[in-house]
Amino acid sequence: MKKLFVRITSIIALLVLSISISGCWLFTPQAFVPEYPDSVAVSKDVILDKNTTDRVLMSRVDAVSKVERSVVAIKMEYQTVTSETGTSWGSGVIIDNGNNTDNVFYVITCHHVVDSKGNISVYVPDMNSRNYNDDDYNDKFKFTGAISSSSQTGEVTLIGGDKLADIAVLKLDITGSGVSKDQIICSVLPPESYSIKRGEDVFAIGNPGGSLPMTVSAGVVSYLDRFVGINSVGYMTVMQIDVQINHGNSGGGLFNLYGELVAITSAGSETLDGVNYAIPYKLTYSEDGGFVDAITQLIGTYQNFEGKNFGYISGSWEMGISVQVAFDNASGQYYQTNVISSVIENNNSYGVLKEGDKIVRISCSSLDYSKQISTGSDLSDALCVLRTYLRLGDSFNVTFYRDNVKYERQIYLSKQSIFCNTGYNIPEQTN
């Protein structure tokens, strides 16, 4: 996914958007893999289905009918910071793994839809159901699983995810469910020769509000490649659309009138009407990049691990800390502070920072970037900037107070991050 972020523009001019977050905190424990600091994910054997039939430009009604059952609703149930059970909703799109003999499919979604971990439910539409709250919903098409830092169980498991790309891949195994392979409808990608155009008609299908699955909204491609900042994700190149996107739409499909999947809906502006964003299937100026490149890396590295750990995207990193949470009496809400509550062992901050340190500044001379840190939100914003431009082998400085003494130390990025650790030993790299 490295080429997704090659364009460097003025940080000051970037538009920061609001995105639907699935109840997650930013500083989640990660598994770091020092054996793979400079590895390139092997994805040559990962082939996603493309439209190889005679392409016919359809009416929107016909195009929706063709693809609507490939879009699923995703529910996450997770433990909140107050140890209560939280629930969040998102969307996803089913794609085939290219094996016509097994009962396994992939579901692609946004990373922020599933990064809270916990119990997951994937609702797949059948020919009759239109709302999973209705009595006529076929419960046979509900698939469940559990995702944690140490194990996975159920029909739905996680292949891998990446915060920078905001993409995650789920594996859906329908074996023994009573649902046959031909009852699952998959999306297809455009052919290699296709290039999406500004002004082209597109439509989204998703689950706005978590209660309106299979909702269709239509519009046009407003701009092909905006470089924008998205809250708690970072700066990324996305497709701007005027299609209506709401909380719960994240991870759903954006389709053209050939019935092909061209993007994954991800974010929307809360200040500008008609300005929403989707992660394109590929970038317009590069062979790599977009959600296809992210998916093939995640699946390819997962296969390299033989399913013993999550897949990853080469070069991604996390600071590897948790911060203390405080309660604001005025707003009645919890918020993250700038005081470290824990440092994850063997990660990029380990041996430099420790519990109780109060971070007051993040800076990077190579980017000519410096930000004062007063809250966890400030720290989140700073890390969003750094994760956009820095990769393994780079470094930045952190200024902090420890026992009322001020220090400045360098954080050297040498550890590859993975969504979380399944508990298996990670194999050593062989050359």
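This is a short walk through one protein chain, from its overall make-up to a sheet, a helix and two single residues.

Please keep in mind that the model is predicted. The protein chain has 431 residues, and 55% of them count as buried. Its secondary structure comes to 4 helices and 23 strands. The chain exposes about 18,400 Å², and 44% of that area is supplied by carbon and sulfur atoms. As for contacts, take those between residues at least 6 apart in sequence: 66% of them join residues at least 24 apart.

Now the sheet. It is an open sheet of 8 strands, and the pairing is antiparallel. If you want to trace the order on the screen, it goes S8-S7-S6-S3-S4-S5-S10-S9. Which strands are at the edges? Those are strand S8, residues 152–154, and S9, each of which pairs on one side only. On average, neighbouring strands of this sheet are turned by 25° against each other, with direction ignored. In general, strands of a sheet pair through backbone hydrogen bonds, either parallel or antiparallel.

Let me stay with the S8 edge for a moment. Strand S7 covers residues 142–147, and 3 bridges join S7 to S8. These two strands run antiparallel. Gly145 stands opposite Gly154, which belongs to S8.

Next, the helix that goes with this sheet. Helix H3, residues 290–304, lies across four strands: S4 (85–96), S5 (104–109), S9 and S10. Relative to S10, helix H3 runs at about 55°.

The loop between S9 and S10 brings us to a single residue. Strand S9 spans 156–162, strand S10 spans 167–173, and Leu164 is found in the loop between them. Is Leu164 buried or exposed? Leu164 counts as buried, because its relative accessibility is 4% and the cut-off for buried is under 20%. There is also a long step in sequence here: Leu164 and Trp317 are 153 residues apart along the chain, yet their C-alpha atoms are 9.0 Å apart in space.

Last, a look at the surface. Val325, Phe327 and Tyr334 form a nonpolar patch there, and together they have about 270 Å² of accessible area. One of these residues, Tyr334, lies in strand S18, residues 333–343. Tyr334 has a relative accessible area of 44%, so it is partly exposed. To set the two residues side by side, Leu164 counts as buried, whereas Tyr334 is partly exposed.

Technical notes
Residues are numbered from 1 along each chain as its sequence is written. This is a predicted model: local features need pLDDT of at least 70, side-chain atom pairs count only at pLDDT 80 or more; totals for chains, interfaces and linings use all residues. Side-chain values use heavy atoms; hydrogens and water are left out. Patches are made of residues with over 30% relative accessible area and no salt bridge: like charges are joined within 9 Å, nonpolar side chains (Val, Leu, Ile, Met, Phe, Trp, Tyr) within 5 Å. Accessible areas come from the Shrake-Rupley method with a 1.4 Å probe; for residues, only the protein chains shown count as cover. A salt bridge is a side-chain nitrogen of Lys or Arg within 4 Å of a carboxyl oxygen of Asp or Glu. Buried means under 20% relative accessible area, exposed over 50%, partly exposed in between (1.4 Å probe, protein chains only). Contact means heavy atoms within 4.5 Å. Two strands pair if DSSP finds at least two bridges between them. Axes are lines fitted to C-alpha atoms, for helices over the stretch in contact, and angles run from 0 to 180 degrees between N-to-C directions.
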